[in-house]
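Work through the exercises below with the model open. Try each task before reading its solution.

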Amino acid sequence: MNRFDRTDPTRDLEPLIGNTPLLAIRFRFRGTERRIFAKSENLNMTGSVKDRMALQIMRRGYRSGALVRGGLIVEATSGNTGISFAAIGRALGHPVAIYLPSWMSGERIALLRSFGARLELVTAEQGGFTGSIRLADELGHATEGAFLPHQFSNEDNCVAHETGTGPELEQQLGSLGLEADAFVAGVGTGGTVMGVGRYLRRTRPEVRIHPVEPASSPTLSVGHRVGKHRIQGISDEFVPAIVDLKFLDEILAVHDGDAILMAQRLARQLGMAVGISSGANFLAALLAQNQLGADAVVATLFPDSNKKYLSTDLMAEEPEREGYLSPEVELLGVQAIGRVCTLCVDPVPGVG
Ligand code: PMP
């Protein structure tokens with residue numbers, strides 16, 4: 001299929017999504033110099049990793065016929081997924097309706113509105129996150145031609161990472177003569193950790209694949225909603241259907257305050273403008289490295305940028321507490337490893 005094929009409009013947006021640079025972050029921890037690798041997912045079209053999943057689900061939707069031109073897209077989301085579907089949906093000519101827990105950041109809500117999405121804020125009394133999913137389903141089923149991406153149960157969410165994020169990571173590490181010993185990622189839907197994990201395990205069955213959750217809200221460990229936390233985008237009240245905990249290694253837990261402090265340091269000391277879950281992922285990568293040794297090649301991703309957190313604790317003074325790891329991380333420098341050259345392997349007829 002060529003890049004300008006009208007039967008698959010998602011191809012028009014492909015160069016804007018995925019194929020992100022990889023960051024090698026140098027730091028000192030307890031006297032030893034180390035490196036952790038992180039994919040810059042903040043550089044996607046709408047500024048988050050969720051663009052990958054939205055594009056893949058829409059691509060499959062067009063191909064199967066479940067998504068029709070101009071059809072309504074309805075999804076429940078804690079923010080980034082909605083922004084992805086709203087923007088990509090608009091780019092491809094779809095109206096979009098989003099159900100969102102009412103306590104998500106004001107920036108998320110304003111951004112969704114800016115893309116012209118119909119927005120329904122769901123309060124805790126109305127069922128919060130699970131209520132959002134129920135209400136999205138009700139609207140989807142009642143509307144002719146509506147498309148329900150169902151990110152928490154749609155395998156294409158994992159496929160986006162199995163065919164994109166995973167191979168990119170392998171090639172970028174390979175360009176340095178390295179292979180991943182471990183990959184860690186905070187679990188929202190779990191699409192990232194499952195998809196990248198599946199890809200890396202194909203060639204390296206012993207690679208560690210760790211899901212990450214907030215210490216104060218260990219939904220994965222407990223099996224249902226428990227406690228509260230400030231790491232927006234992960235630990236959404238239940239264990240998603242696409243997450244197979246038997247496939248994954250030990251769940252790593254990070255304190256939300258520690259994640260905030262780490263994200264603040266990444267911005268302040270390295271100029272890396274990332275969100276709270278990026279701080280959590282960095283600290284979880286550090287925990288995995290502590291288990292495997294300071295030289296272990298541990299990779300993760302920075303799911304989004306700090307722009308959606310201007311009104312949150314990410315921009316405020318956060319107290320250091322006993323047991324936090326971030327105060328012991330001395331960031332030394334960052335080197336970006338370039339994007340994988342897609343035009344080299346997938347030439348566009350008549351171009352270049
Ligand atoms: N961090 C942020 C900021 C997110 O929005 C998400 C997606 N909800 C994640 C991490 C987790 O990604 P996934 O859904 O692939 O588990």
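**Exercise 1. A backbone outlier before the strands begin**

Task: Decide whether Asn19 is buried or exposed, then describe its place and its backbone.

Solution. Keep in mind that this is a predicted model.
- Step 1. The relative accessibility of Asn19 is 15%. Buried means under 20%, so Asn19 counts as buried.
- Step 2. Asn19 lies in the segment before β1.
- Step 3. Its phi is positive, about 50°, although Asn19 is not a glycine.
- Step 4. Most residues other than glycine have a negative phi.

**Exercise 2. A second positive phi**

Task: Find where His150 lies and classify its accessibility.

Solution.
- Step 1. His150 is in the loop between α4 (128-142) and α5 (155-174).
- Step 2. Its phi is also positive, about 50°, and His150 is not a glycine.
- Step 3. Relative accessibility is 29% for His150. The partly exposed class runs between the 20% and 50% cut-offs, so His150 counts as partly exposed.

**Exercise 3. Pro15 and its distant partner in sequence**

Task: Classify Pro15, then state how far Pro15 and Met45 are apart in sequence and in space.

Solution.
- Step 1. Pro15 belongs to the segment before β1 (22-29).
- Step 2. Pro15 has a relative accessible area of 61%. Exposed means over 50%, so Pro15 is exposed.
- Step 3. In sequence, Pro15 and Met45 are 30 residues apart.
- Step 4. In space, their C-alpha atoms are 9.1 Å apart.

**Exercise 4. Two buried polar side chains**

Task: For Asn44 and Thr300, name the backbone oxygen that pairs with each side chain.

Solution.
- Step 1. Asn44 is in the loop between β2 (32-40) and α1 (50-64). Asn44 is buried, at 5% relative accessible area.
- Step 2. A polar atom of the Asn44 side chain lies 3.3 Å from the backbone oxygen of Ser48.
- Step 3. Thr300 sits in strand β9 (residues 298-302). Thr300 is buried too, with a relative accessible area of 0%.
- Step 4. The Thr300 side chain reaches the backbone oxygen of Val184 at 2.8 Å.
- Step 5. Both pairs pass the polar-contact cut-off, which is within 3.5 Å.

**Exercise 5. Helix α9**

Task: Compare the span of α9 with the expected value, then say how α9 is placed in the structure.

Solution.
- Step 1. α9 covers residues 276-292, which is 17 residues.
- Step 2. From first C-alpha to last, α9 reaches 25 Å. The expected span at 1.5 Å a residue is 24 Å, so the two values are close.
- Step 3. Of the 17 residues of α9, 13 are buried, so the helix is largely enclosed by the rest of the structure.
- Step 4. Gly293 follows α9, and its phi is positive, near 115°.

**Exercise 6. The ligand site**

Task: Where does the ligand sit, and which residues come nearest?

Solution.
- Step 1. The ligand occupies the largest cavity.
- Step 2. There are 16 residues around the ligand; Lys50, Thr189, Gly190, Thr192 and Ser277 come nearest. Ser277 falls within the 276-292 range of α9.
- Step 3. Take the oxygen contacts. An N or O atom in the Thr189 side chain is 2.6 Å from a ligand oxygen. A polar backbone atom of Gly190 is 2.8 Å from an oxygen atom of the ligand.
- Step 4. Take the nitrogen contact. A ligand nitrogen lies 2.9 Å from a backbone N or O atom of Gly233.
- Step 5. Finish with cover. On its own the ligand has 390 Å² of accessible area, and the protein covers 97% of that.

Methods: Residues are numbered from 1 along each chain as its sequence is written. This is a predicted model: local features need pLDDT of at least 70, side-chain atom pairs count only at pLDDT 80 or more; totals for chains, interfaces and linings use all residues. Side-chain values use heavy atoms; hydrogens and water are left out. Helices (H or I, at least four residues) and strands (E, at least two) are DSSP runs, numbered from the N terminus. Buried means under 20% relative accessible area, exposed over 50%, partly exposed in between (1.4 Å probe, protein chains only). A residue is near a molecule or strand if one of its heavy atoms lies within 4 Å of it. A polar contact is a pair of N or O atoms within 3.5 Å; within protein, one must be able to donate a hydrogen and the other to accept it, and residues adjacent in sequence count only if both atoms are side-chain atoms. Accessible areas come from the Shrake-Rupley method with a 1.4 Å probe; for residues, only the protein chains shown count as cover. On a 1 Å grid over the protein atoms alone, a cavity is a set of points where a 1.4 Å probe fits but cannot get out, and a pocket is an open set with protein on both sides within 12 Å along at least five of seven lines; lining residues have an atom within 4 Å of a point. A molecule sits in a cavity or pocket if more than half of its atoms lie within 2 Å of its grid points.
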